[in-house]
Amino acid sequence: MEWDWSAVSDFMPHFWDGLLVTLQILVLGSLLSFVLGLVWALLMRVPSRWVTWPVGAVTEFVRNTPLLVQLFFLFYVLPEWNVTFSALTTGVVAIGLHYSTYTMQVYRAGIEAVPAGQWEAATALNLPVRRTWTAVVLPQAIRRVVPALGNYVISMLKDTPLLMAITVLEMLGEARLFSQQNFQFTEPLTVIGVAFIIVSYLASLALRALERRLAH
Amino acid sequence: MTSGLWELVLEGVWVTIQLLFFSSLLATAVSFVVGVARTHRLWIVRFLAGFYTEVFRGTSALVMIFWVFFVLPPAFGWQLVPMWAGTLALGLTYGAYGSEIVRGALGAVDPAQKEGGIALSFTPWQRMRLILLPQAVPEMIPPFSNLLIELLKGTALVSIMGMGDLAFSGNLVRLALQESAEIYTYVLLIYFVIAFLLTRVMRGLEKKLKTGVGKAPVREPDTELKRPETSNVGGAA
């Protein structure tokens, strides 16, 4: 095996472009999954089977099927219905939707972990439902779920290369393009492999620091 | 859809199932070897096993697949059949996640059990085989069940490399029909059915193993919050 440093330096400008797109997908996808996940978790607590059953079935379906096929579905089917987004937007929506079905379970666990006494106290103080949620339950639940949500952000980072399949030029997409143009596969693929390890390691360090701060 | 196209889809299902079977075997083997190595008394063994886990968990499964398909052949002068390349990439990546499950379950066995083994002068291997593993394995089944579903979703990644699995045959049918809503709905449904069956099988297995050690399967509501770091698989779709 020969290692060509000049290929690495040629690839670096493309690498930075790709990293930027990857981080963009990660940030937007995370925000979408945090919001949608909370919406699903709250809908699952509506005391009506007509709401919980469809929401439960759809999220279970999305959770148990491959993100790659979901990406293809959104990328090819939406234009048939005359809805067109850019590839990047489609990717962000797909990844955010997929992960919202995971974050929903995290929120649910966080809400269930709020002691029953807190609910009773809210009832005793005659707080309206809305205020019980916004001032009593959610602040305590969300504090508990931050570390678990962070884990899913790291998972999501490792799913961003899938967007390459729908023509988004994130890190892996840039590496593949560069490889095909220059017939040098080893260097770009190794560079992005190492980049993924470094970024996810840094993210897990940041997460551990955040967890320690929240614990006090 | 014509029957010829359905045949194509069925071939894809068969490839997906084969790939799932082989890579889950490899992933299980890797999980146990690396997971047990992380409880070894020599620090160098623990360090190497930990290093393996960090590297393979840190990178994306799809990047790993690209690496096995494009970097290994020129580097070593041989090329793997796509099925084995896919098995290798998926098995090694998911094995790293599985090793965390094995390590966690071994660590959760009551320390008194291990001390009892030492007091009875069992060798380390006997302690592992006769005391720790029989109690730890039933606890591993629910997380392994989740990991198996993630692995099933991960098998779709090989379609990007042109391997004829279910996701790939879905793309072929889309090109043949020039219409995507129907075929992708079917493909998603097939994946969902496979995942559902796997969950059922694993639940049955858990029940059987737990009866063996006199426990009942429990579903704790807050296991989600107690998950070890990134126990959910990234890079898997």
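Before I describe the fold, one definition: a helix here is a DSSP run of type H or I with at least four residues, and helices are numbered from the N terminus. With that in hand, and keeping in mind that what we are looking at is a predicted model, let me start with chain A, whose pattern along the sequence reads α-α-α-α-α-α-α-α. In other words, chain A has 8 helices and 0 strands.

The C-alpha trace of chain A spans about 70 × 50 × 25 Å along its principal axes. Of the 216 residues in chain A, 41% are buried. If we take the contacts in chain A with a separation of 6 or more, 77% of them are accounted for by residues that are 24 or more positions apart.

Let me now turn to where the two chains meet. How many residues does each chain bring to the contact? Chain A brings 46 residues and chain B brings 41 residues. On the side of chain B that touches chain A, several helices each supply at least two residues, among them helix 2 (43–58), helix 3 (61–70), helix 7 (124–155) and helix 8 (166–177). The helix of chain B that gives the most to this side is helix 9, with 7 residues. Sorted by character, the residues of chain B on that side divide into 25 nonpolar, 10 polar and 6 charged.

One residue of chain A is worth following across to chain B, and that is V69(A). Leaving aside neighbours within four places in sequence, V69(A) is in contact with A156(B), A167(B), G170(B), Y184(B), V187(B), L188(B) and Y191(B). V69(A) also belongs to the largest nonpolar core, which has 107 residues, and is listed with L68(A), L71(A), L62(B) and I65(B) as having the most contacts inside that core. The element that gives the most to this core is helix 5 of chain B, residues 82–107, with 11 residues.

That brings me, finally, to how helix 5 of chain B packs against helix 1 of chain B. In general, two packed helices are described by the angle between their axes and the distance between the axes. Here helix 1 of chain B, residues 3–37, packs with helix 5 of chain B at an angle of about 40 degrees, and their axes are 6 Å apart. Because of that angle, helix 1 of chain B counts as oblique to helix 5 of chain B. The crossing in which helix 1 of chain B passes helix 5 of chain B is right-handed, and the residues of the contact between these helices divide into 15 nonpolar, 11 polar and 1 charged.

Key
Residues are numbered from 1 along each chain as its sequence is written. Chains are lettered from A and ligands numbered from 1 in the order in which they are written. This is a predicted model: local features need pLDDT of at least 70, side-chain atom pairs count only at pLDDT 80 or more; totals for chains, interfaces and linings use all residues. A nonpolar core is a set of buried Ala, Val, Leu, Ile, Met, Phe, Trp, Tyr and Cys residues joined through C-beta atoms within 7 Å. A residue is buried if 20 or more other C-beta atoms lie within 10 Å of its own, exposed if 12 or fewer, and partly exposed in between; C-beta atoms are placed from the backbone. Two residues are in contact if their C-beta atoms, placed from the backbone, lie within 7 Å. Axes are lines fitted to C-alpha atoms, for helices over the stretch in contact, and angles run from 0 to 180 degrees between N-to-C directions. Angles under 35 degrees count as roughly parallel, over 145 as roughly antiparallel, 65 to 115 as roughly perpendicular and the rest as oblique. A crossing is left-handed if the near helix is turned anticlockwise from the far one by less than a right angle, and right-handed if clockwise. Ala, Val, Leu, Ile, Met, Phe, Trp, Tyr, Cys and Pro count as nonpolar, Asp, Glu, Lys and Arg as charged, and the others, Gly among them, as polar.
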